[in-house]
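Visitor: Hi, could you walk me through this one? Keep it simple, please.

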Amino acid sequence: MGIRLPGMIHAKQVLLRSLAKGTNDVPKGHFTVYVGDSQFKKRFVLPITYLNDPSFQDLLSRAEEELGFDHPMGGLTIPCNEGTFIDLTSRLNGY
């Protein structure tokens, strides 16, 4: 039994749409996000398992509240400081 977040369902649709656009440099089992709180965003390729982590889901929920999930870049955009994002993903990796 799991908790379903309506925004997570929409996020999965955006991810599938971005993968369907032919981004061949994204390995199977991974997805792309764009991170930054300025005009210039950095692209990260993350394992899909991150989508199950509560702290990452919280970050996605906050991104949805601020930006929604419809982005012209074709992927998810997370409006946070790059250092904060790297800190979070480092903890998810166990570093």
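Visitor: Which residues of helix 2 are buried?
Guide: They are F56, L59, L60 and A63. Buried means under 20% relative accessible area, exposed over 50%, and partly exposed in between, with a 1.4 Å probe and protein chains only. Helices (H or I, at least four residues) and strands (E, at least two) are DSSP runs, numbered from the N terminus.

Visitor: Why do they line one face of the helix?
Guide: Seen down the axis of helix 2, the buried residues fall within an arc of 100 degrees, so they line one face. The arc is that of the directions from the helix axis to the C-beta atoms. An α-helix has 3.6 residues a turn, so residues three or four places apart point the same way.

Visitor: And what sits on the face turned away?
Guide: The exposed residues P54 and E65 are carried there.

Visitor: Is this model predicted or not, and what are the ground rules?
Guide: This is a predicted model: local features need pLDDT of at least 70, side-chain atom pairs count only at pLDDT 80 or more, and totals for chains, interfaces and linings use all residues. Residues are numbered from 1 along each chain as its sequence is written, and side-chain values use heavy atoms, leaving out hydrogens and water.

Visitor: What is the mean pLDDT of the chain?
Guide: The mean is 75, and 67% of the residues reach 70 or more. pLDDT is the predictor's confidence in each residue, from 0 to 100.

Visitor: Which elements have the lowest and highest means?
Guide: Helix 1 (residues 6–20) has the lowest, 52. Strand 2 (residues 42–47) has the highest, 92.

Visitor: How does strand 1 run against strand 2?
Guide: Strand 1 (residues 30–35) and strand 2 run antiparallel, joined by six bridges. Two strands pair if DSSP finds at least two bridges between them. They form a hairpin with six residues between them. Y34 stands opposite R43 in strand 2.

Visitor: How many residues are in the largest nonpolar core?
Guide: It has 16 residues. Helix 2 gives the largest share, four residues. Such a core is a set of buried Ala, Val, Leu, Ile, Met, Phe, Trp, Tyr and Cys residues joined through side-chain atoms within 4.5 Å.

Visitor: Where is Y50?
Guide: Y50 is in the loop between strand 2 and helix 2. Y50 is buried, with a relative accessible area of 6%.

Visitor: What does Y50 contact?
Guide: Leaving aside neighbours within four places in sequence, Y50 is in contact with F56, T89, L92 and N93. Contact means heavy atoms within 4.5 Å.
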